Amino acid sequence: MKIYLNIDAFAKDLVANIQQKGYENAEVQNVKKNNNTVLTAITIKPENCSVSPVIYLEDIYKDYVEGARTMEQAAEYVIHVAMNTNKPEYESAVTDTLGTFESAKPRIVARLVNEERNREMLKEVPHKKVMNLAVIYYVQIDDNASTKITNQLLNHWGVTVDDIHDWATKNTKNVGGLKVVGLQQCLGEMAGLDVGLDCGDPVTIMTNETMTNGAIYMLDTEILSEICESKGVQSLGIIPCSVHETLLLTNVDDSSVRILVDMIKTVNETEVSEQDYLSDDLYIFDYKTKTIDIAEDNELACAV
């Protein structure tokens, strides 16, 4: 097995292998993602199609390095994914969905990112700044494919960021499927145990059914209010674990804010990938005012 020093060298040989099999339109792309990270991908665009899937290579490369997949198997896998997606009906679904705002609006969803680490990207997309975060918008083509809404697409539709934000607010819970579960219950489910519901669990996980890009729900004051009511508390501490999920705390007092912020920073530095990073801050939802703010060290964060 050939040893590669990096994914770029691997991608070069992989695309050459695919081209030798007759797919001359295969090419390597570097795709900029969340927090200015760059992923390596391959696309194979047939002559009769104007769109094609982006097949990311990070997991494929990892399998190759660990001996779980040969170069030949990697090439066959990429071709299989591309050919099962590069069909007229897929192109039709994309163009029909994105063609007009009327067709796209039922599929518009919102995602949450860090504002500072995405400033270059935010110049190119409609967004709303919320504290030190930013809400951006995607069109969910199907269960496996989505496309980011750019300023160019917004202008093509002839609508405003407020228009897409309103639809994203309506759609996000329906498309993603809100999932709110106590930490104890979640751990029990992972262990295959039926621990039942526990409204007294001081830690709640909030995400969506796919556990992907579910941190956006931390801005939904209606959901947060319902959780406060179910737990009988007047506020919640919100830990942004990643762009995918958040933790909600009920037993946070003034002395705990700095400890929690330090913990959040440590976990982000050691456990969270750069692409999934959301924030180093602790946020506070106040049930009475229905507002969310960044916690201060001297703030009584979460009174039970």
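**Sheet, helix α11 and nonpolar cores**

In β11, L248 is the residue that T204 stands opposite. The model is predicted: local features need pLDDT of at least 70, side-chain atom pairs count only at pLDDT 80 or more, and totals for chains, interfaces and linings use all residues. Residues are numbered from 1 along each chain as its sequence is written, and side-chain values use heavy atoms, leaving out hydrogens and water.

**Sheet**
- Six strands (DSSP runs of E, at least two residues, numbered from the N terminus) form an open sheet in the order β8-β9-β11-β10-β12-β13, with antiparallel pairing (at least two DSSP bridges between two strands).
- β8 (178-182) and β13 (291-294) are the edge strands, each pairing on one side only.
- Four bridges join β9 (residues 203-208) to β11 (residues 246-249), and these strands run antiparallel.

**Helix α11**
- The 14 residues of helix α11 (257-270; helices are DSSP runs of H or I, at least four residues) should span 20 Å at 1.5 Å a residue, which agrees with end C-alpha atoms 20 Å apart; the expected span is 1.5 Å times one less than the number of residues.
- V257, L260, V261, I264 and N268 of α11 are buried (under 20% relative accessible area, against over 50% for exposed and partly exposed in between; 1.4 Å probe, protein chains only).
- These buried residues cover an arc of only 100° around the axis (by directions from the axis to the C-beta atoms), which puts them on the same side of α11.
- The buried residues of α11 pack against β10 and β11 (contact: heavy atoms within 4.5 Å).
- I259, E269 and T270 are exposed on the other side of α11.
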